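Here are my notes from going through your model. Have the structure open while you read, since the points refer to individual residues.

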Amino acid sequence: MASSAAAAAVAAAGAVITPSKSSHPPFSAAYRLLFPILNPLHSLSTRHPHVRPISASADRRQPPSAAAPTADATTAPLLRNFAPDEPRKGADILVEALEREGVTDLFAYPGGASMEIHQALTRSPSITNHLLRHEQGEVFAASGYARSTGRPGVCIATSGPGATNLVSGLADALLDSVPLVAITGQVPRRMIGTDAFQETPIVEVTRSITKHNYLVLNVDDIPRIIKEAFFVATTGRPGPVLVDIPKDIQQQLAIPVWDPPLRLPGYISRLPRLPARPLLDQILRLVSESRRPVLYVGGGCLNSSEELHRFADLTGIPIASTLMGLGAYPTDAELSLKMLGMHGTVYANYAIDKADLLLAFGVRFDDRVTGKIEAFASRAKIVHIDIDPAEIGKNKQPHVSICADVKLALQGMNALMEETGIYQKFDFSTWREELDKQKKIYPLNYKTFGDQIPPQHAIQVLDELTNGEAIITTGVGQHQMWAAQYYSYKRARQWLTSAGLGAMGFGLPAAAGAAVGNPGVTVVDIDGDGSFQMNAQELAMIRIENLPVKIMVLNNQHLGMVVQWEDRFYHSNRAHTYLGNPANETEVFPDFLKISEGYGIPAARVTKKSEVREAIRKMLETPGPYLLDVIVPHEEHVLPMIPSGGAFKDMILDGDGRTPY
């Protein structure tokens, strides 16, 4: 992904970068750390009726006699109200630093080394904590929040196992370029390195799966480090930043200085500059000389959807999307070839194979896209634009490359085309007609067997009933690929999935985070029974907060994608991929309806194709969360399929688990 703000910052070469002052009002002297005054509690919006934060507009200058708490003083949140020159705990400094970064929602699970932070959060006038039930759920929820809003997600965990439970989510965010700030409690400084209770060196553990990380050793560094963490997470190629804070730092009193300069000279000096006009001219010349150009767009285009639309309108070049890029350009638009790669459409992969010019924007030539790298786009000249210099030429050597923000590059090329009128000379109608024939010959399709429910059919019905407007999250496996193929994505940040890491258990907590970041919007977790069970405990949070999260489990009682590979390449030998009860294979195990009932969430099961439409309609019309257990055959395969390491000529178009191979 790209950040035009970063390029603007770099334009002032050599300038000292100082964070802008916050408009956050100074705190009055009425509040004292040892003798807090309770202010009136104010009700929350109906979105979170269970949480009791304090209104940011509360009068913090009331005398003690004016205080009128509406709840028991032992449980009511305390209003933070410091004078500017008054010492306060490091935890309070941290929370105010988060407020100054615009954080209003975060995902934190308390523990011994982070409880000071949680105490400080109860004194925040503007931050709401959303309590999921596992730290992995917290980090995936923060990821769902960030992916769906474009704003950095924030999660907090305690030391030791709490911190290590964030690892999968951090790796996922790094691979998918998701801006996250993860804060962990740590044992006191004097105990670091002594194998203290719940001590893990989380900075060392996560060094290779974060964009940057910090161990805070001085309480006065908190304002600068938090400012830097958000800057690093959101500029250049976005990614996760971890901040580890020992408990004694959280407890230490200090007077914060809110405007320290950033200490990132090396990082800032390496941020990409504005794209050079001669290179943009060269790309447009290549376009004018080509006959079969294709746009290959990825997650790096999610912030430049408008510019991509304009570029496509001006050039008339067909667009193939990666799994991460779905929605950057509408998948139901005339120029869209939908998804390319291992389970991409025939016509998208055909276009790549026959292209004479490949415009690769915001992509990294991942192996699940390219297959056999030597055969990928072997007839084409390649133009690669990406904000991360490490990706240029890493897997596929381009003929022309620009290390820049894709948004700025597209803006520049659009302006050049409109200025020169060169786009009027582009005519790729013959090429588009050729691809339209491929669409008609090889559409996405599936077979039906009596009244069994094809999983693809359930997703198509969901697409129809939501008019393609819902935010979709998934776990990882067959259901993930079918959701990518059969749901129509009309806008960026509508499709949330663990693409690079492929982390099962992502769907439900990511849906919770997306619902928090997009109040009132329907969020549907299309999940598999295997992925769903990995974080099913997060049903608690969506019930407590009454979020409009719908869970549609495509339940085949197996690890479906692994079963598909067993069918194709291992003579259908089942190697621990059956997830049901071997003692009674006729029953659905476990019973998701009973699990859902235990969390107070309405649920239903559907076993016949004729019942699917009405069942999905009821799910969507039921207020709040809902679980629909859709029983599908385990023999179904995701097609098309290019085997790992294969090329376009190796594409598999038919067959399923009912056929021996």
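The numbered points below cover confidence, the nonpolar cores and some backbone oddities.

1. Confidence comes up front, as this is a predicted model. The mean pLDDT of the protein is 90, and 88% of its residues reach 70 or more. The stretch to watch is residues 1–77, where the pLDDT is below 50. In the model that stretch still has 137 contacts beyond near neighbours in sequence. I'd leave those alone, because predicted coordinates should not be read in detail where pLDDT is low.

2. Next, the largest nonpolar core, which has 58 residues. Which of its members touch the most others? They are Leu358, Leu359 and Phe361. Helix H15 (residues 406–420) supplies the largest share of this core, with six residues.

3. Leu359 deserves a look of its own. Leaving out residues up to four places away in sequence, Leu359 touches Ile283, Val287, Val294, Leu295, Tyr296, Phe311, Ile317 and Val383. Try displaying Leu359 together with those partners.

4. There is also a second core, separate from the one above, with 46 residues. Among its members are Cys155, Ala157, Ile471 and Ala511.

5. Now the backbone. As background, most peptide bonds are trans, and most residues other than glycine have a negative phi. Two proline bonds and two phi values go against that background, as the next points show.

6. The peptide bond between Phe589 and Pro590 is cis, with omega at about -5°. Pro590 sits in the loop that runs between helix H22 (560–569) and helix H23 (592–598). A cis bond also links Leu639 to Pro640, and its omega is near 0°. Pro640 belongs to the segment after strand E20 (626–631).

7. The loop between H22 and H23 also holds Ser572 and His576. Ser572 is not a glycine, yet its phi is positive, at about 60°. His576, another residue other than glycine, has a positive phi near 65°.

8. Are these two loop residues buried or exposed? Ser572 has 29% relative accessibility, so it counts as partly exposed. His576 counts as exposed because its relative accessibility is 77%, and the cut-off for exposed is over 50%.

9. If you revisit one region, I'd suggest the loop between H22 and H23: Pro590 is found there, and so are Ser572 and His576.

Methods: Residues are numbered from 1 along each chain as its sequence is written. This is a predicted model: local features need pLDDT of at least 70, side-chain atom pairs count only at pLDDT 80 or more; totals for chains, interfaces and linings use all residues. Side-chain values use heavy atoms; hydrogens and water are left out. Helices (H or I, at least four residues) and strands (E, at least two) are DSSP runs, numbered from the N terminus. Buried means under 20% relative accessible area, exposed over 50%, partly exposed in between (1.4 Å probe, protein chains only). A nonpolar core is a set of buried Ala, Val, Leu, Ile, Met, Phe, Trp, Tyr and Cys residues joined through side-chain atoms within 4.5 Å. Contact means heavy atoms within 4.5 Å. pLDDT is the predictor's confidence in each residue, from 0 to 100.
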